[in-house]
Amino acid sequence: MKNITSKSINILSILAMTFFAIPKLLGQPTSVAGFKQFEKVIPLDAEFFMIFTGISELSMAILILYFAITQKIKVGMFAYAFLLITMITALGLEFIARPEPKMVLVIIAIVLVIFSVYQLLTLKNKVVV
């Protein structure tokens, strides 16, 4: 059962990160507008931050895909720690930088935090000491 859960989390995480990376990397108007809101609060160029975030999200998707194929524990731990830190940061930005948090994004980020914690705990139990 744990194996099915882990594989499902891998697939959903890859799809979510790819889904959110592509509009940022393509400079879609919705993404640009969202990052303009962040620019008012954090001293980073909105376009740079958007591209950086898109590259980070796509990198996570690739890392998780690589982990899903190879089952290398250290890769999985790195990928899911990266996802966890990114989603905690995303939650912070939603509540601090946006005039009104987008609840759909908050819920997705919370689900991805839960996925990350689950995967990290599962992988920690597989590490040979």
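Is Phe52 buried, partly exposed or exposed? In this predicted model, Phe52 is partly exposed, with a relative accessible area of 47%. Phe48 falls into the partly exposed class as well, at a relative accessible area of 49%. These two residues belong to helix H3, which spans residues 46-70. Because Phe48 and Phe52 are four residues apart in H3, about one helical turn separates them.

The aromatic side chains offer a way into the rest of the structure. The count of aromatic pairs comes to seven. Phe48 and Phe52 make up one of them, a stacked pair whose ring centres are 6.1 Å apart and whose planes meet at 20°. The stacked label follows because planes under 30 degrees apart are classed in that way. The pair thus sits within one helix, H3, and its two members are both partly exposed, Phe48 at 49% and Phe52 at 47%.

Another aromatic pair is formed by Phe67 and Tyr80, and its geometry is edge-to-face: the centres are 6.5 Å apart, with 85° between the planes. This pair links distant parts of the chain, since Phe67 lies in H3 and Tyr80 in helix H4 (residues 73-96), 13 residues apart. Both Phe67 and Tyr80 are buried. A further group of rings, Phe35, Phe38 and Phe49, forms one aromatic cluster.

Two members of that cluster lead to helix H2, which covers residues 29-39. The buried residues of H2 are Ser31, Gly34, Phe35 and Phe38. They cover an arc of only 95° around the axis, which means that they are on the same side of H2. The partners against which these buried residues pack are H1, H3 and H4.

Phe35 also appears in the description of the largest pocket, whose volume is about 720 Å³. Thirty residues line this pocket, and those closest to its centre are Lys24, Phe35, Thr53, Glu57 and Ala90. Five helices each give two or more residues to the lining: H1 (2-26), H2, H3, H4 and H5 (103-126). Which of them provides the largest share? That share, nine residues, comes from H4. By class, the lining is made up of 18 nonpolar, seven polar and five charged residues.

H4 can be followed further through Val75, which lies in that helix. At 18% relative accessibility, Val75 counts as buried, because the class takes in values under 20%. Beyond its neighbours up to four places away in sequence, Val75 touches Leu63, Tyr66 and Phe67. Phe67 is thus a contact of Val75 and also the ring partner of Tyr80. A separation across the model is given by Val75 and Lys36: they are 39 residues apart along the chain, and their C-alpha atoms are separated by 33 Å.

Tyr80 in turn leads to helix H5, where Leu120 is placed. Leu120 is buried, with a relative accessible area of 18%. Once its neighbours within four places in sequence are set aside, Leu120 is in contact with Met77, Tyr80, Ala81 and Leu84. For one of these contacts, Leu84, the C-alpha to C-alpha distance to Leu120 is 9.4 Å, across 36 residues of sequence.

The end of H3 and the loop that follows offer two further positions. Ala68 is in helix H3 and, at 30% relative accessibility, counts as partly exposed. Ala68 and Pro23 are 45 residues apart in sequence, and their C-alpha atoms are 24 Å apart in space. Gln71 is found in the loop between H3 and H4. Its backbone is notable for a phi near 60°, a positive value in a residue other than glycine. Gln71 is partly exposed, with 40% relative accessibility.

The path closes in helix H1, where Ile22 lies. Ile22 is partly exposed, at a relative accessible area of 42%. Its C-alpha atom is separated by 9.0 Å from that of Ile55, although the two residues are 33 residues apart along the chain.

Methods:
Residues are numbered from 1 along each chain as its sequence is written. This is a predicted model: local features need pLDDT of at least 70, side-chain atom pairs count only at pLDDT 80 or more; totals for chains, interfaces and linings use all residues. Side-chain values use heavy atoms; hydrogens and water are left out. Rings of Phe, Tyr and Trp (its six-membered ring) pair if their centres lie within 6.5 Å; planes under 30 degrees apart count as stacked, over 60 as edge-to-face and the rest as tilted. Buried means under 20% relative accessible area, exposed over 50%, partly exposed in between (1.4 Å probe, protein chains only). On a 1 Å grid over the protein atoms alone, a cavity is a set of points where a 1.4 Å probe fits but cannot get out, and a pocket is an open set with protein on both sides within 12 Å along at least five of seven lines; lining residues have an atom within 4 Å of a point. Grid points are joined across faces, edges and corners, and a volume is the space filled by probe spheres set on the points. Ala, Val, Leu, Ile, Met, Phe, Trp, Tyr, Cys and Pro count as nonpolar, Asp, Glu, Lys and Arg as charged, and the others, Gly among them, as polar. The arc is that of the directions from the helix axis to the C-beta atoms. Contact means heavy atoms within 4.5 Å.
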